[in-house]
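The exercises below invite you to read a protein model step by step. Try each task with the structure in view before you turn to its solution.

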Amino acid sequence: MGKLLAIIFVIVFFGFFWYFYDNPVLVPSILGIEKLFPQTMIESFDENPISLQFEKGLKTLTKDFEHEFDPTVLENQIHELTNKQREFYNLDTLENDSKLGNVARGHSTDMKNRNYFAHVTPEGLNPTNRGEKLDYSCTKFYGFYLTYGIAENIAKYWTFTNYFIRGNYLSYNWHTEASLANEIVEGWMNSPGHRKNILAPDFEKLGVGVSIGDDGAVYATQNFC
């Protein structure tokens, strides 16, 4: 009886081993968060300020000074704030992987250029597929099984918190790179799924990519390995 149980145990043990070897766990969690267009605040001495806004349109109004954003600075600050969150929870910091950053930056740019917000491109490419196109793959071994895939957080925010229309004058409350990075990471940390990616103990590398549109839309992507 004892030998029979031992044989069954060996068969089950190797069965699980080969199953996980041939069927790795695919693509860790991929999640996104999008902030709606900031609130408009109108102050006008015109008789009908609302109709004036729609007749002239925002692009025809006189704008105030526009803050110049450096996407690279924003990427670095998002990475730094992410690692501060991990340090707070006694986790190892994530290495800045430039190749993984290229994967993330490419996706942010693609979302901006083609006006969509999703983890899967219009052609059906997920984060792992996009990494493979750039010769990047992420495989992790855990004893008797392995995982294959790139995890991802995405966000869409704006370079300003709100804007004001006073007569024919358009004024913005601009973010700085620091305040915007803080809002993005805070938004991810307040979302259970995104938070799980940021605080996953098995991740070792991080790539951050940011792309900013002419309309002030900010697309940010985090890829984890």
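**Exercise 1. Describe the overall make-up of the model and say how far it can be trusted.**

Begin with the secondary structure, which comprises seven helices and twelve strands. Next, consider burial: of the 225 residues in the protein, 40% are buried. Then turn to the contacts with a separation of 6 or more, of which 74% join residues 24 or more positions apart.

Finally, keep in mind that this is a predicted model, with a mean pLDDT of 78 for the protein and 71% of its residues at 70 or more. Over residues 3-28, however, the pLDDT is below 50, and this stretch has 21 contacts in the model beyond near neighbours in sequence. Residues 39-62 also stay under 50 in pLDDT, and for them the model has 38 contacts beyond four places in sequence.

**Exercise 2. Find the largest nonpolar core and work out which elements build it.**

As a starting point, the largest nonpolar core has 23 residues, and Leu74, Ile78, Leu180, Ile184, Trp188 and Phe224 are those with the most contacts inside it. The elements that each supply at least two residues of this core are helix H3 (71-88), strand E8 (151-158), helix H6 (177-189), strand E11 (205-212) and strand E12 (217-224). The largest share, six residues, comes from H6.

As a second step, take Leu180 and list its neighbours: leaving out residues up to four places away in sequence, Leu180 touches Phe69, Leu74, Tyr157, Trp158, His175 and Val218. There is also a second, separate core of eleven residues, which includes Met111, Tyr116, Phe160 and Tyr163.

**Exercise 3. Determine whether H3 and H6 are parallel, perpendicular or oblique to each other.**

First, note that the axes of H3 and H6 come within 9 Å and cross at roughly 45 degrees. Second, compare this angle with the cut-offs: angles under 35 degrees count as roughly parallel and those from 65 to 115 as roughly perpendicular. H3 and H6 are therefore oblique to each other, and their crossing is right-handed.

Third, identify the residues that make the contact. From H3 these are Val73, Leu74, Gln77, Ile78, Leu81, Thr82 and Gln85, while H6 contributes Glu177, Ala178, Leu180, Ala181, Asn182, Ile184, Val185, Trp188 and Met189.

**Exercise 4. Examine the backbone at Asn90 and Asp135, and decide whether each residue is buried or exposed.**

Start from the general rule that most residues other than glycine have a negative phi. Asn90 is not a glycine, and yet its phi is positive, at about 60 degrees. Asn90 is found in the loop between H3 and strand E5 (95-96). Since a residue counts as exposed when its relative accessible area is over 50%, Asn90, with 73%, is exposed.

Asp135 likewise has a positive phi of about 60 degrees without being a glycine. Asp135 lies in the loop between helix H5 (127-133) and strand E6 (139-142), and its relative accessibility of 75% makes it exposed.

**Exercise 5. Locate Asp92 and relate it to Leu199.**

To place the residue, look in the loop between H3 and E5, where Asp92 lies. Asp92 has a relative accessible area of 63%, so it is exposed. As a last step, compare sequence and space: Asp92 and Leu199 are 107 residues apart along the chain, and 9.4 Å separates their C-alpha atoms.

Terms used:
Residues numbered from 1 in each chain as written. Predicted model: local features only at pLDDT ≥ 70, side-chain atom pairs only at ≥ 80, totals over all residues. Heavy atoms only, no water. pLDDT = per-residue confidence, 0-100. Contact = heavy atoms within 4.5 Å. Core = buried A, V, L, I, M, F, W, Y, C linked by side-chain atoms within 4.5 Å. Buried < 20%, exposed > 50% of the residue type's maximum accessible area, 1.4 Å probe, protein only. Helix = DSSP H or I, 4+ residues; strand = E, 2+ residues; numbered from the N terminus. Axes fitted to C-alpha atoms, helices over the stretch in contact; angles between N-to-C directions. Parallel < 35°, antiparallel > 145°, perpendicular 65-115°, else oblique. Left-handed = near helix turned anticlockwise from the far one by under 90°.
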